[in-house]
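Here are my notes on the fold, with the sheets and the helices against them in mind. Have the structure open while you read.

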Amino acid sequence: MAHEAQERYSKLVDAKLRDVLVKKDGVIFNNRYEGNPKAGSVKIPVRDTEAAVAVYNKKTGTALTEGTTAYITAVIDKDYAVNEVIDGFDSASVPDNLAADRLDSAGYSLALQIELDATAELESRATAFGDTAALEKTTVYESLVDARTKLSEIKVPNDGKRWALVSPSVFALILKSPEFISASNLGDEVKQNGALGKIAGFLIFEDNTLSDTTEYIVGHPNWCTRVREWAVEPHVQDLNGSGTHIGASAIQGRKIYTHKVTKPATVLIKKKA
């Protein structure tokens with residue numbers, strides 16, 4: 001029963017994360033890595049080149065080529081815990097609804113922290129793009145088109161997965177642009193991803209965690225990786241015998257994670273002075 005409760009609590013918090021996060025797994029970040037995060041680090045593949053194709057000759061065959069899929073080490077550098085006392089209940093009698101409510105709150109708070117840490121990685125690793133003049137209604141679409149062209153030039157796939165994280169003020173400009181297509185006019189998949197719409201080939205996400213001088217960040221999930229795991233799954237811990245808490249329990253759990261931009265050239269950041 002205890003294991004079933006832990007599994008249920010973990011799913012509850014993870015569902016809250018999926019709901020609250022703007023920079024979602026599978027949309028902004030991929031989850032491709034090898035190894036166990038609990039060991040302290042994992043290996044993330046970086047596909048630097050695509051496999052070459054050549055005409056095949058039935059008599060002589062074809063020349064061997066070499067591709068490059070390198071691996072970089074990502075250290076799991078974020079470790080956050082919830083350890084909230086619930087007084088007046090031992091572990092066997094904590095109401096399930098109470099535990100669920102506090103874990104829902106923990107999931108919300110954890111999501112906000114993950115957002116901030118993801119933004120820090122993107123802003124520190126992205127490649128500067130454009131000038132530092134503040135965007136206006138008349139320039140925002142042109143700037144995003146130029147960013148789209150830059151990504152195409154460096155062979156970032158134009159497969160509908162390119163994303164743009166925009167500040168609230170820039171999103172306000174985009175809303176006034178006739179080129180903006182709102183999510184209500186797009187497919188269900190786009191709306192489920194949390195995108196607010198599309199412009200210049202980018203799925204648009206409003207992100208209030210961007211720094212004051214960051215107007216937008218654009219990229220593709222192929223080269224942005226998130227690694228996250230439960231170091232200790234959420235559970236109710238009896239505190240009797242702790243020496244300080246009598247007739248009390250705690251909601252406890254630890255989440256470990258990290259973010260990695262594996263190819264900075266594929267993530268562009270537009271900043272203003």
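1. Let me start with helix α3, residues 140-153, keeping in mind that this is a predicted model. Helix α3 lies across β7 (197-199), β8 (202-206), β9 and β12, and its run makes about 30° with β9.

2. Those strands belong to an open sheet of 7 strands, ordered β4-β12-β9-β5-β8-β7-β6, with mixed pairing. At its edges you'll find β4 (127-128) and β6 (181-182), each of which pairs on one side only.

3. Worth a look in that sheet is the pairing of β9 (residues 214-219) with β12 (residues 268-271): the two run antiparallel and are joined by 4 bridges. For a concrete pair to click on, Tyr216 sits opposite Lys270 of β12.

4. There's also an open sheet of 3 strands, in the order β3-β11-β10, with antiparallel pairing. Its edges are β3 (78-87) and β10 (224-238); each has a single partner strand, so one side of each has no neighbour in the sheet. On average, neighbouring strands here are turned by 10° against each other, direction ignored.

5. Within this sheet, β3 pairs with β11 (residues 248-261) over 10 bridges in the antiparallel sense. If you want a residue to check, Asp79 has Ile256 in β11 as its bridge partner.

6. Which strands of the 3-stranded sheet does α2 touch? Helix α2 (residues 96-125) packs on that sheet through contacts with β3, β10 and β11, and its direction makes about 20° with that of β11. Helix α2 also lies across β4, β5 (163-166), β9 and β12, running at about 85° to β9. I'd look at α2 against each sheet in turn.

Methods. Residues numbered from 1 in each chain as written. Predicted model: local features only at pLDDT ≥ 70, side-chain atom pairs only at ≥ 80, totals over all residues. Heavy atoms only, no water. Pairing = 2+ DSSP bridges. Axes fitted to C-alpha atoms, helices over the stretch in contact; angles between N-to-C directions. Contact = heavy atoms within 4.5 Å.
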